[in-house]
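This report describes how helices and strands are arranged in one protein model and what lies around its ligand. Please read it alongside the sequence and the coordinates shown below.

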Amino acid sequence: MTQQPGKTYDVIVAGGGPAGMIAAIASARNGADTLLIERSECLGGTATSGLLCNWGAFDNADRRHDFTRMRLYEDNQPWPDDLKNEGERIIKGIPEEMLIRMQNVGAASKIPLGYISINPEYLKIIADQMVREAGAEILYGISAISIERIDREWIVGTSSKCGQVAFKAKQIIDASGDADLARFAGAEVVTGRPGDGVMQPPTLVFRVGNAHVRESDVYLSLGKAFRKATGRGMGCWTPVPLMPGVFSINSLHSPGVDACSPWDVSGALENMRNEAVARTELFRLHVPGCEDIFLIDTAPSLGVRETRRVVGDYTLTEDDVLSARKFDDGICRYAHNIDVHLQDAHLDKLKDHGFVPAGSDYHIPYRCLLPKGLNDILVAGRTISATHLAAGSSRVMPCCMAIGQAAGTAAALSVKMETSPRKLPVDVLISTLVEQGACI
Ligand SMILES: Cc1cc2nc3c(=O)[nH]c(=O)nc-3n(C[C@H](O)[C@H](O)[C@H](O)COP(=O)(O)OP(=O)(O)OC[C@H]3O[C@@H](n4cnc5c(N)ncnc54)[C@H](O)[C@@H]3O)c2cc1C
């Protein structure tokens, strides 16, 4: 039976991943009575439930030099002049506040390299604190499963151990990563690449302990030797701050899996858990410094790169990304290269092999957050309106976080100004974001 609490929230955010947690903070700080519902039992999404201990860059430096910089840094060698440019910090505002809080307790790296390794346990705690300090309510263990429009309110149906409970709100932010609510509300969605709809494979991240290797060697000498011995790559190894000898490993791809299908996901999880054990054994046998490693854990949730994207008022394209295009309604900037894990992605055929020109960045237009034809609902995170290739860049976590700040601010301003996000004057949104520290 559906229970219906009487209260109407100003804003409901569905999903507390990188986009949703920041959206909830921004919404509440801008005065909206905000409810964040999260189907798992922590915030952080792929960074915590997916154990992906690595935030992409907050700057716009040339990503091609990251490994060389890392090697020199680990060797205690100075960077030559052409590698010294670390770029401009382009992700600021609430994501940067969260980063600084993480760094202040040693839970995020301060190394001047593009990407930032993070400790997922501390992220859970700090994200939770920041959302609550902003005044938003969090409900864990609750999934948004339906949505209905009655008069000027949304009724969001949820499923939890209480059965089905409905919540009312004036504005919705869909930060589920899968466009769950937008799709239920009638938004057009697309999946995968044009033509055949093939999506990037998901990955089950796992962690090992007692590893005595240098990160740069994984990408250089150790990685090459391991491939020669086993025919496999070592994947990406991220050292977890505050956990000496612990690495989170992103190496198990599961092609052909639709991460929105419980059947596909269940099979993939079983295979990849077994594979994590087998891979740990291979590392132990073939990687010097890993003789005594042990498997700590596999991630509680599958790491999902790509599922549904909404079709919005504007669709970000690969040309926008690669030509560092700016828009009048740009709400944040980003610069990560197009990162698509499909063997036939042909990124080499893209301009500059999919890299954004060094020192520049592209805008995410506000219109990418507005599902075409729907009012009073915004999307945030990897599910925004972007082509398959463009999403290969915009899906990276700092970008999702910055989009989250824009979505939360837009939703709260819409409530305050008694308008809809589509009619919200974009100059008001942008000036509010800038006043509140965002970099546009
Ligand atoms: C293997 C892998 C490696 C990656 N590497 C990097 C990297 O090195 N650096 C980087 O910055 N990014 C990386 N990414 C990309 C990045 O992690 C994701 O694109 C990003 O996390 C997307 O953020 P999001 O908030 O949109 O979605 P998610 O992180 O997927 O979060 C969505 C949240 O919504 C919740 N949710 C889903 N449905 C519902 C519902 N119906 N009701 C309530 N809650 C719901 C989920 O539980 C989850 O907490 C990687 C991704 C993967 C999978």
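In this predicted model, helix 4 (residues 93-104) packs against helix 12 with an interaxial distance of 7 Å and an angle of about 125°. That angle makes helix 4 oblique to helix 12. On the side of helix 4 the contact is made by Gly93, Ile94 and Pro95, and on the side of helix 12 by Pro398, Met401, Ala402 and Gln405. Sorted by class, this contact has five nonpolar and two polar residues, with no charged residues.

Helix 12 also meets helix 13 (residues 426-435), the two axes coming within 10 Å and crossing at roughly 120°. Helix 12 is therefore oblique to helix 13, and the crossing of this pair is right-handed. Helix 12 contributes Gln405, Ala406, Thr409, Ala410 and Leu413 to the contact, while helix 13 contributes Val428, Leu429, Thr432 and Leu433. The class count for the contact of helix 12 with helix 13 is six nonpolar, three polar and no charged residues. Gln405 thus appears in the contact of helix 12 with helix 4 and in the contact of helix 12 with helix 13.

A further helix pair is formed by helix 1 and helix 5 (residues 120-134), which pack at an angle of about 20° with their axes 8 Å apart. That angle makes helix 1 roughly parallel to helix 5, and helix 1 passes helix 5 in a left-handed crossing. In this contact Met21, Ala24, Ile25, Ala28 and Arg29 of helix 1 meet Ala127, Met130, Val131 and Ala134 of helix 5. By class, the contact of helix 1 with helix 5 has eight nonpolar residues, no polar residues and one charged residue.

The geometry of these helix pairs is set out in the table.

| Helix pair | Angle between axes | Axis distance |
|---|---|---|
| Helix 4 and helix 12 | about 125° | 7 Å |
| Helix 12 and helix 13 | roughly 120° | within 10 Å |
| Helix 1 and helix 5 | about 20° | 8 Å |

Turning to the strands, strand 7 and strand 8 (residues 153-160) run antiparallel and are joined by seven bridges, with Ile147 of strand 7 standing opposite Val156 in strand 8. The hairpin of strand 7 and strand 8 has two residues between the strands, and within this hairpin Asp151 takes a positive phi near 55°. Strand 8 is in turn joined to strand 9 (residues 163-174) by seven bridges, again in the antiparallel sense, and the bridge partner of Thr158 in strand 9 is Val165. Strand 8 and strand 9 likewise form a hairpin, with two residues between them.

Elsewhere, four strands form an open sheet in the order 12-13-11-14, with antiparallel pairing. Strand 12 (236-239) and strand 14 (294-298) stand at the edges and have a single partner strand each, so one side of each is left without a neighbour in the sheet. From one strand to the next, the twist averages 30°. Inside this order, strand 11 (residues 206-209) and strand 13 (residues 247-250) pair in the antiparallel sense over three bridges, and Arg207 of strand 11 stands opposite Ser248 in strand 13. Helix 9 (residues 262-286) lies across strand 11 and strand 14, and it runs at about 155° to strand 14.

What surrounds the ligand? The shell has 39 residues, of which the closest are Gly15, Gly17, Gly45, Gly303 and Gly381. The elements that give two or more residues to this shell are helix 1 (18-29), strand 3 (34-38), strand 4 (54-55), strand 7 (143-150) and helix 12 (397-416). By class, the shell around the ligand has 14 nonpolar, 18 polar and seven charged residues.

Definitions and conventions: Residues are numbered from 1 along each chain as its sequence is written. This is a predicted model: local features need pLDDT of at least 70, side-chain atom pairs count only at pLDDT 80 or more; totals for chains, interfaces and linings use all residues. A residue is near a molecule or strand if its C-beta atom, placed from the backbone, lies within 6 Å of it. Ala, Val, Leu, Ile, Met, Phe, Trp, Tyr, Cys and Pro count as nonpolar, Asp, Glu, Lys and Arg as charged, and the others, Gly among them, as polar. Two strands pair if DSSP finds at least two bridges between them. Axes are lines fitted to C-alpha atoms, for helices over the stretch in contact, and angles run from 0 to 180 degrees between N-to-C directions. Two residues are in contact if their C-beta atoms, placed from the backbone, lie within 7 Å. Angles under 35 degrees count as roughly parallel, over 145 as roughly antiparallel, 65 to 115 as roughly perpendicular and the rest as oblique. A crossing is left-handed if the near helix is turned anticlockwise from the far one by less than a right angle, and right-handed if clockwise.
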